Each structure stands twice: as C-alpha cells, then as structure tokens.
Amino acid sequence: MEQKLIKNVMLLSGDEALARGAYEEGLVVAASYPGTPASEILEYLSKFEEVDAQWSINEKVAFEVALSASKHVGLNVAMDPLMTSAYTGVGAGFIIVTADDPGIHSSQNEQDNRLIAEVAKIPLLEPSSPSEAKLFVKEAFKISEAFDTPVIIRLTTRIAHTKENVEIGERKEVAQKEFKVDIPKYVMVPKNAYKRRLEIEKRLVRLKEYSENSSLNRIEINDKKIGFITSGVSYLYVKEMYPEASFLKIGFSFPFPEANAIEFFRKVKKVFVIEELEPFLERRLKELGIKFKAKHSSYRIGELRPEYIPNIVNGGEKKEEASITRKPVLCPGCPHRSVFWVLKKIKAVVTGDIGCYTLGALPPLGALHTCLCMGAGITFFEGMKKALHKNVAGVIGDSTFVHTGIPGLINLAYNNTKGLIIILDNSTTAMTGNQPHPATGVTIKGESTKKLILEDICYSCGVDNVDVINPHNVKELEECIKKRINENALSVIIARAVCRLNEKKKDSPPVYKKEDCKRCYLCLSIDCPALTKTKDGLININSELCTGCNLCIETCCFKALTTS
Amino acid sequence: MNKTDTINILFCGIGGQGVLKASEICASAALFDGFHVKKSEVHGMAQRGGSVESHLRFGTEVFSPLIPKGQADYLVSFYKEEQGRLKDFLNSKSIDLIDYLAKGENLIKDKRYINIFLLGVLSKYLDIKEDSWLKAIEKLLPLKYLEENKKVFAEGRKMVPRPPK
C-alpha cells in the first residue's frame, strides 16, 4: 500500500471541510439553525474569531443574515427569502448549504433539494467528498461574486458525515464591501422585480456557459464501451464498483453543462446515469434527446449503496430490505418521559413536534400522535382542539418553540382558543447535539447574551396561565396537567429540567423488592433503558444507566419499586 | 472489482458505547501512517441508544465512503445483538472479532473502556504502527482517563500474540 505523509492534513468531515474552505476563503458571517446532518458546519466555524457565527432562531432568519447552512427541510423554512434572493443578487459572496438526508436517517422526510435550485434559478454545486466540499465552497464564492447570485452547495449525509484526509490552508482576508444603494435592484416591488426577472434569465445563460467550462465537471475517459454520468456521492459508489469505466462527473449540476454531456456521448458507447433520489440529471439529458440508461424508478427512494450499482446497471429493481436496526429511545432519566407518561395515563391526544421528544411516539410509550414540521406541535393543536374539543395537548421543545412555535401561540390566543400547550424545556437543542438557543442565554461561542424568558413571552402572546414545573415532580406535574387540559383558558406548562446529556449528577437507583412484584410490567411501559425484564420474568435495574429519576416508582402500584 | 489494497473495517454497537470514538481513533492512526482514510457514519439519534455503525476504509486511494456488502475485512462489534445484523458485510475471509467482546467484558471492569480494549485487539491485525495508535489515543481521549485507556489498549493487544496472516 502506498502511504503519503503530508503536513497540514487533518481528518475532517464534509461539514467541517466545507466550513474550513469557507473560512480560508475569507468568510465573515455564518448563520444556521441546528439540524442533522448539517449542524457541524457552524460548530466548526464558531471556533474562529474572524467569523461572526450564530445559531439563528430559524433557517429563514439565518438565510437573511449570512452564509447559511441547514438540513434539507431547513431550506423549506428559508424558501421565502431564497426565491427572491436570485432576483436581488447578493453584492458579495453568499453561499447556501443544504445537507440532504437520503434514506431519512434523521429527518421527517426525504427531499432532493437539487430541484429547489432549479425552481429558485440559483446555481448548484454537488461535491462528492469532504475534500471536494472544501474545494467547491471556494469555487462557490468565486461564482457568487462573479455572477452576483447566491450559490447552493448540496451535501448529503454520506458527505456531511464522512471524514477523510483534508489539506488545510491559510485564510485569505478579503476587503470589506460597501453597501451601494440601488433601489431598483434591492427593493422587490413589481416593476423592479420584473426587470430583475429578465436579468436572472440572462445570468442563467452565462452560468450555463461557465458550467460547461468549469473544472467541477470532469470527463474521465477509460473504457469507452461503458460510461457513467453521475454526481455527488453516487460518483464514488460507481467508481468503487466500475473503476475501469469512463465518467462524466458532474460537480456543477445546475445550470446543466449540456456541451460536456454531448461530448461524453460522442466518446462513449453505452451511457448510464446514476444519481441518488430524483431523476435530476436524467431529465436534463432527456431534454437533449440523448439515449441513455438510468436506474429503475424504485431506486429513487432511499440512499444508494455501492453494492446496488451492478443491479442498477443490469436494470434491476430495488429489493426493499427489512430494517432491523435498534429503535432509539429517550435517555434514562430524560425529563420528557414523565410528561408522556402522564399524558398517556389521562389518554390525551397529543400533537407533537420535532426533537428528542418525538421519540415519545414510539412504543411502548406511544404518547405523541402527530409530528409534521417545526412549530406544528402548537398549530396542529389548534386544529385538533377545534375538532375534538377536549383532552388534547400540544407539546413542543424549547428550541423548537423559539424556532417557529411563537407565531402559533399568538394565533391560539388571538383566536380565543383554549387548552394546554406543554413546552418541554430541557434548556438545549438536544437531538442535534445540545446547541444553545435564545432561551439559554448563551451564544454558539459560549458567551452569555440576552436571555429569552419563556414565561414572559407566553404571557405576552396572550396566554392566561403559565405554570413552571419540574417534570421530575411527577405528582405535581400530573395534577397541573389534569387541571389545565380542559379548563376554559389558554395555558402553557413549562416542564423545565436540564437535559440528561448536560447533567452529570445522579441519584441512587430505586430498590426492587421481587417478593412484592406482581409481574404486571407497568414499569416497563415508560420505556426506560435502565429497566429490563430478566429471563425469569423479574425486573432488573441497570445501576450504570439509572439516574435515579424515580419515575418507575410512580408506575408501580404494588410498591415493588421504592426509593432507596 | 474494487481496489484490492483497501482495508475495510465495520464497527457496530449502540448509542453511548463509544463506537464512533473508536472508529475515529482508528481513522486518525491510519491518517498518521499516511493512508487515505474514509470513515462514514450517521449521527443524530446515535446518543439515544439506537443502532450505531461506522464504516472505516483506508488504503492508497479510497472511493466509496461505505463498505460494499460482502467486503468488510474486519467486523468489530461492541454489542452482541448488533453483530448479527451486519453479517451480510462479511465474506469467507473476513475476520469477526466478536469473540473478543465477551473476553473484554470479563477482563475489563469498567464497561466504558470496552471500545479501547477492542481497538487494542484490532490494532494487532492492522498494518498501522503502535506509535500512531498511541498518538491517536492521546489526541482524542481526555487527559484525565489517558493512562487507564492506554492500559486497556495494551490489554487488548496482549490478547492477540500472533495475528493470523
């Protein structure tokens, strides 16, 4: 094996490499809302003094502030400014990073954001690996400045969360740009927008020519009998399985480099198009009237994998494999668990939201009944309440509440809706890796800042009652939920206790008296990883995992579980 | 069909066991030795007790970040039940280190060190210098637990006096 020893080489993920490239290129401002698999971009950038990095309250705000990074669904939140940013242009380098999640590892849906680039008429780059992510972000800044346009870089999970050798360079300082007043360009009223609309089309023609001459699109001629047109991580899967084939590797995929494709078809006999998710490249080639082979439509769903490629080439269908992965679960001692336990006990219909607490939907808890998008824990509650009238509660996490929950709460109050919203406040953005947010009073750089007081903002929205309760006090929590849920008032319970991942302190595990155990297994219904059934039907408490939250004691009517 | 000199290691376990940390140490050690390394995994739900797998590949030039099924050279399992799920990645020449999991669990009192024990075992099979392993351990583990980690790593190495070639 050939080994190369190079200085200044680090093992970086696609997220980190992209961030590094942007830093070296002189990036000044970066904004994001945490979301897997994009969170590490901002976390990496926050380490540099020269970069003003921020966790924004949501992706729309992040977009309007700076270089913006988000997961695929985050771009949906930012669609409004995104669509018109192509009209105004940017004045200085502006990059949008979307990290798509084919295979839905950690998301609520699967969407191919390459389609958004086309709809928004914004150029699109698709790196294949972390080292390319670094290279491409530098090129993206050049394109953005030269063409006065935002540029979208699309990563996918297997690029964002792959680490490889990445060479580190020096930062280049760039001169600060002045803001030049240009009302026809920056104020999008109908007449101005129409003129800019014409500019966009002219820009796309120039961008297509640029794409056709860009080194990001590369023809590799090897075996002329078989060739692949491919982009993103799919290129590496095909290269793995067919290293001797010819390739048109597309890195600059919108506007599509038609001339390169035509050249490739002239040189190679049989051409396959292989791309993950939607037939994005396929459609461009169909428009050119070229004959090629593409994946069976069943492969449009989910991730590609290297071993799929030969079957795709042979025209085969995808065989769905049964998922046998272990289900995730709320951590032992998680403060959300008791809230779900109480809601289940009173048979409430619960509209949910996005975060760790979405796990409250999984069996045996099964106590969260809807999850659609950020903020819907509150807005869905309103619809559900109008339909069912009673025994409905909406739950939302603290970070999600700040993200898009507040407008929904104002809507509830304004439209005189009564009922109960529970803010599951663990004082962090837990699922994505414990990032801070406005209600923590800490910035991404760890500096203290103005703290958003959740109680105050709830009252300001028009809520009648705000109760702050430690959810580890299960009896108090239960009483309060029972009192508020069907009351003729709009109430918010802030169930506040620190996320277990941010808490080192543990209490002693409960004591289990097997002679009192009636083997009803109600204690297992709280789905605590520290409690398991033994082979002889008894209960085992794993003292390493147990945090001593004592919720299981509440579930046991026979006093087989007691405090130590 | 793929490049024959790439070494493919599949790590698996459940959230919180240090699967990703172990593969990170191995990847760094390979990097220190001058190999091209790719390591791929999925984050997000990992800390919540779900299945965790990390694909690590190193060699002269690595293409795919994922190991193709049937091409893992080594399977390192931190949790017995997860190992069965990933047998499709093995072939007749693959080395499954599953037997060392039970040995480690008997030998190592504190379960948090099992990942480093298994790395010690793995290190005897791989063409990566011991110095690079130790450098990676020093770089990636907290100073407070460094001595204990090095001790456990050495215990793991002792388990494999002469790795089968």
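## Where chains A and B meet

Strand β8 of chain A, residues 162-167, pairs with strand β2 of chain B through three bridges, and the two run antiparallel. Within this pairing, A:T162 faces B:S40, a residue of β2(B). Please keep in mind as you look around that this is a predicted model.

The two strands are a good way into the contact between the chains. Chain A brings 41 residues to this contact, and chain B brings 36. On the chain B side, three elements give two or more residues each: α1, β2 and β3. Of these, β2(B) supplies the largest share, with six residues. The table sorts the chain B side by residue class.

| Class on the side of chain B that touches chain A | Number |
|---|---|
| nonpolar | 12 residues |
| polar | 14 residues |
| charged | 10 residues |

Next, look at the interior. In soluble globular proteins, nonpolar side chains tend to be buried together. Here the largest nonpolar core holds 140 residues, and the members that touch the most others are A:I95, A:V97, A:I153, B:C26 and B:L118. Helix α1(B) gives the largest share of this core, 10 residues. That helix spans residues 19-32 of chain B. If you pick out B:C26 and set aside its neighbours within four places in sequence, you will find B:I9, B:L56, B:L119 and B:L122 in contact with it. A separate core of 65 residues lies apart from the largest one, and its members include A:Y357, A:F380, A:C461 and A:C480.

Now step back to chain A as a whole. Its secondary structure comprises 20 helices and 23 strands. Along the principal axes, the C-alpha atoms of chain A fill a box of roughly 80 × 60 × 50 Å. A compact globule of 564 residues would have a radius of gyration near 24 Å, so the 27 Å of chain A agrees with that expectation. Buried residues account for 51% of the 564 residues in chain A. Taking the contacts in chain A between residues at least 6 apart in sequence, 72% link residues at least 24 apart.

One last stop is in chain B. Is B:E81 buried or partly exposed? B:E81 has 13 C-beta neighbours inside 10 Å, and therefore counts as partly exposed. This residue sits in helix α2 of chain B, which covers residues 80-85. From B:E81 to B:L126 the separation is 45 residues in sequence and 25 Å in space, C-alpha to C-alpha.

Methods: Residues are numbered from 1 along each chain as its sequence is written. Chains are lettered from A and ligands numbered from 1 in the order in which they are written. This is a predicted model: local features need pLDDT of at least 70, side-chain atom pairs count only at pLDDT 80 or more; totals for chains, interfaces and linings use all residues. Two residues are in contact if their C-beta atoms, placed from the backbone, lie within 7 Å. Helices (H or I, at least four residues) and strands (E, at least two) are DSSP runs, numbered from the N terminus. Ala, Val, Leu, Ile, Met, Phe, Trp, Tyr, Cys and Pro count as nonpolar, Asp, Glu, Lys and Arg as charged, and the others, Gly among them, as polar. Two strands pair if DSSP finds at least two bridges between them. A nonpolar core is a set of buried Ala, Val, Leu, Ile, Met, Phe, Trp, Tyr and Cys residues joined through C-beta atoms within 7 Å. A residue is buried if 20 or more other C-beta atoms lie within 10 Å of its own, exposed if 12 or fewer, and partly exposed in between; C-beta atoms are placed from the backbone. The radius of gyration is taken over C-alpha atoms; the globule rule is 2.2 Å times the number of residues to the power 0.38.
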